[in-house]
Amino acid sequence: MCSTPQKAASVPRDEAWDKAEELVRAGYQPGDLIVFAPAWADPVGRLHLGDLIPVDMAARMDAARYGRIWEVSIRDAHAPETAGLTPVSSREVSGVAVRLFTRQPAVVVSDIRDALPTAKTQGPGYPSLELAEVGFEPHRCIQITPSPNSPVRVTFPGLTLGSQLVGYVGLADVFTRRDIRAPGTLAIEIGGTQVASVTAGVDDGWVKFSAPTTPGPADVTFIASARAPQRLICFAAEARR
Amino acid sequence: MTRQRIVGWALALITVICVTVNEQEIGIARDEVVYFGASTKYADWWMGLVTFKHGISKKSITDTFGGDYGGGNNPEHPPFVKTLMGFSHHVFATKLGIFDELTAYRFPSALLAGLLVLLVYFMTLALWGFPEAVLAALCTLLLPRALFHEGLACFDAPIMTMWFATVYAYWRCMDGRAWPWQVGVVFGLTLATKHNAVLLPFALGLHYVIVAWRAGKWRGLVLHRWRVLVSLVVLGPLTLVVVWPWLWTAPIEHVRGWLAFHMHHVHYNFEYLGHNWNAPRFPWHVALVTTLFTVPVSTLAAAMTGIGLWIARWRRRESADPDRAPALLLGLSAAASLGPFFLGSTPIFGAEKHWMPALPTLCIAAGVGGVWAGRLVARYAVAVRPVAEKTAERVAIGVVGCFIALAAATEVVDAQPYALTWYNAAAGGAPGGADLGMNRQFWGVSARGVLPFIALQSPGPVYTHDASPAWGWYMRLGILPRIYPDAGHEGDGISRSKLAIVIHEKHFNRHDYLIWKSYGTVRPVYVLRSDGVPIVTVYKRPPQFQSQTSSTSR
């Protein structure tokens with residue numbers, strides 16, 4: 001009898017979020033990443049601070065390029081983006097914790113999503129830049145649906161590389177993932193040499209890959225393939241210094 | 001005894017009132033809309049038949065009851081409850097005007113909820129006693145998820161009632177009466193309620209084998225209450241056929257079509273323990289864990305006590321009504337209802353609603369266990385203080401029973417009207433359920449909660465996704481002004497819309513992203529919450545991202 005009302009009232013109300021919002025806005029700098037935890041509180045967080053989160057930031061590849069991260073959380077939860085980081089400031093207002101994390105951000109020298117207009121495609125499939133659901137999360141990614149056993153090659157000629165190429169791949173669209181259970185594969189070649197290959201299954205979500213690279217321009221090719229139809233292979237990659 | 005029976009009727013009446021009052025706040029489930037249409041057609045057909053407006057023809061039956069499975073006139077679900085809904089709508093909304101259309105369609109389900117409480121009360125009263133019966137009935141009434149489903153014009157709560165009605169009728173008919181027709185007819189109506197009924201023979205059959213064997217070994221298997229079996233086998237299917245004209249034209253083909261639809265049903269997306277399940281194999285423990293999280297903790301604790309007590313009494317050969325073994329019957333009934341969900345291949349869409357026929361067993365066990373605990377307290381009180389034994393027992397049972405019922409009532413009050421988002425205190429309530437990654441809701445019901453907010457916005461089309469089937473009904477019922485029409489399906493609908501809603505289920509996250517893309521913002525204007533857990537988000541198109549309609553009109 002006592003625990004039910006107590007548990008029902010355990011989530012902070014809008015007044016608490018209002019105070020947390022004030023804290024974030026007071027210290028916010030353009031380009032800061034704002035994340036919410038637990039994930040199910042995300043709509044409430046966006047209700048209060050969504051104007052500071054551009055769509056592309058919400059649909060980010062990952063958080064590595066952000067040097068300042070605000071974590072607004074309830075119920076002692078933490079966002080995966082802040083794992084392993086120590087907050088430089090931490091305040092709690094009526095059950096809403098506001099923490100600021102800073103770190104050395106990854107320096108992105110090129111992003112294949114920006115370079116897509118210059119890409120050359122070979123094979124039966126057309127790459128398009130989408131805001132897709134992959135693993136129930138939003139991701140801005142390049143999507144290809146290759147025909148079964150007919151790989152599609154997307155080459156970025158003269159892409160500026162740093163010391164590392166980091167990317168992610170996954171299968172978009174929950175319904176085609178449900179109806180067809182086969183995985184999709186993405187292989188990456190730099191200058192004709194394969195440097196990575198990753199297979200994303202229907203329950204794998206947004207799968208990371210990386211490869212060391214030599215700084216400077218190079219032809220980078222992404223080869224999307226699948227044995228089954230309707231594999232909406234969606235990927236993103238950044239060349240980092 | 002008469003007074004005690006009046007208490008049962010009073011509890012049943014209270015249940016009908018509670019369900020009817022509660023459902024006033026509950027949104028329209030996607031499936032209900034289909035049943036509204038079918039039910040009106042079914043009732044009209046029967047009224048036309050008995051008033052000689054038309055006869056029985058293959059065409060009229062097909063036009064009314066047939067069509068594609070998963071479409072048409074809803075031939076994938078048998079007609080009993082739908083027919084009642086249609087008559088209820090005709091009488092209470094159209095003729096008498098005492099209910100609005102929605103309440104009228106939903107009223108038969110509320111009546112059946114009352115019937116369930118009554119039957120639980122009567123069976124418990126006959127076998128275990130008055131306080132046990134009252135507590136069992138209260139536990140049945142005070143099930144948050146069941147109370148929610150009992151308010152809908154669907155079949156999940158009615159099948160719980162009809163399933164238990166068959167169990168009750170079977171138990172009664174096992175008394176050796178000459179003409180046990182009741183069990184066959186009730187089983188037939190249960191078959192005509194929902195396909196879960198085909199699992200009942202597993203429970204009844206096994207129970208019959210056990211009691212018949214105990215009564216007379218091999219001879220008992222053949223001759224012990226054989227009329228009950230004949231009633232089930234003959235009158236059951238016959239009743240189904242009588243109430244379902246769709247079977248009159250091609251009985252075997254249409255029964256096959258009905259059952260095949262459910263055997264090969266598409267797997268819905270359903271979140272359970274943080275994972276979105278939409279393909280087998282499903283976890284074997286879904287039914288177990290979900291039940292543990294969706295029945296009030298006090299009811300569960302009392303039920304576990306009661307089940308333990310039944311086992312202990314059986315071992316001591318002190319079971320109630322040993323010839324008919326009702327506790328065994330109730331256990332087998334629950335097992336048959338839950339069993340398929342342990343297989344890993346049965347779809348888990350809809351979660352607990354699909355095994356609700358197990359709940360009467362739990363509630364009766366809770367009544368027995370709760371009262372036993374009360375008696376235990378009384379014995380302790382008598383031992384430590386000079387109190388009259390009878391008084392101590394009455395007070396202790398009253399106190400323990402009140403605690404169990406009030407704890408359950410607290411959960412009920414907390415749960416409504418968004419009971420699909422609610423989880424019990426053991427799970428940590430709705431927020432605990434969200435932390436555990438349990439399903440947030442389904443059927444788009446909670447969209448009703450954002451209608452008052454939408455009604456305050458500038459007129460324009462609304463992207464409604466899962467609430468789309470119900471949207472027209474909200475406007476028809478006057479719950480939402482007609483200046484907020486449904487914008488349409490997915491991408492085109494969003495691009496036409498001025499407002500957009502997302503009903504939060506894990507696999508519906510994609511709707512957020514489609515809206516972000518079109519509206520150019522991730523910031524909603526309203527988030528409906530249940531105990532702090534987001535259930536519906538509303539977006540408003542910013543002026544700088546004009547909708548397709550606005551662009552065209554300019």
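What follows is a chat between a biologist and a modeller about a predicted model with chains A and B.

Modeller: Ground rules before we start. This is a predicted model, where local features need pLDDT of at least 70, side-chain atom pairs count only at pLDDT 80 or more, and totals for chains, interfaces and linings use all residues. Residues are numbered from 1 along each chain as its sequence is written, chains are lettered from A and ligands numbered from 1 in the order in which they are written, and side-chain values use heavy atoms, with hydrogens and water left out.

Biologist: How do you know which residues belong to the contact, and how many does each chain give?

Modeller: Contact means heavy atoms within 4.5 Å. On that basis chain A gives 38 residues and chain B gives 46 residues.

Biologist: And what makes up the area buried between chain A and chain B?

Modeller: Buried area is the accessible area (1.4 Å probe) that two parts lose on being put together, summed over both. Here that comes to about 3400 Å², with 63% from carbon and sulfur atoms. On the chain A side, A:Met1, A:Trp40 and A:Phe136 lose the most area to chain B, together 21% of what that side buries.

Biologist: Why is the pair B:Arg523 and A:Asp51 called a salt bridge?

Modeller: The rule asks for a side-chain nitrogen of Lys or Arg within 4 Å of a carboxyl oxygen of Asp or Glu. B:Arg523 and A:Asp51 have 3.5 Å from N to O, so the pair qualifies. The count between the two chains is five salt bridges. Twelve residue pairs between chain A and chain B are also in polar contact, both at pLDDT 80 or more; that term takes N or O atoms within 3.5 Å, where within protein one must be able to donate a hydrogen and the other to accept it, and residues adjacent in sequence count only if both atoms are side-chain atoms.

Biologist: Which elements of chain A supply at least two residues of the side that touches chain B?

Modeller: Among them are helix 1 (3-8), helix 2 (14-27), helix 3 (42-49) and strand 7 (128-134). Helices (H or I, at least four residues) and strands (E, at least two) are DSSP runs, numbered from the N terminus. By class, that side of chain A has 18 nonpolar, five polar and 15 charged residues. For the classes, Ala, Val, Leu, Ile, Met, Phe, Trp, Tyr, Cys and Pro count as nonpolar, Asp, Glu, Lys and Arg as charged, and the others, Gly among them, as polar.

Biologist: How many salt bridges are there over all chains?

Modeller: The total is 37. One of the pairs is B:Arg106 with B:Glu23, at 3.0 Å from N to O. This pair links distant parts of the chain, with B:Arg106 in helix 5 (residues 101-127) of chain B and B:Glu23 in helix 1 (residues 2-23) of chain B, 83 residues apart.

Biologist: How do you know that strand 6 and strand 9 of chain A pair?

Modeller: Two strands pair if DSSP finds at least two bridges between them. Strand 6 (residues 120-122) and strand 9 (residues 152-161) of chain A have three bridges and run antiparallel, so they pass. A:Gln122 stands opposite A:Arg153, and A:Thr121 has A:Val154 as its bridge partner. On strand 14 (residues 216-225) of chain A, strand 9 of chain A makes eight bridges, again antiparallel, and A:Arg153 has A:Ile223 as its bridge partner there.

Biologist: Why are strand 6 and strand 12 of chain A at the edges?

Modeller: The open sheet has five strands in the order 6-9-14-11-12, with antiparallel pairing. Strand 6 and strand 12 (193-200) of chain A each have a single partner strand, so one side of each is left without a neighbour in the sheet.

Biologist: What makes the chain B sheet mixed, and where do strand 3 and strand 4 fit?

Modeller: Its four strands form an open sheet in the order 3-4-6-5, and the pairing is mixed. Strand 3 and strand 4 (residues 499-503) of chain B pair in the parallel sense over two bridges. B:Val462 has B:Leu499 as its bridge partner.

Biologist: Which peptide bonds are cis?

Modeller: Among them are B:Pro280 to B:Arg281, with omega about 0°, and B:Gln416 to B:Pro417, with omega near 0°. B:Pro417 lies in the loop between helix 18 (389-415) and helix 19 (429-435) of chain B.
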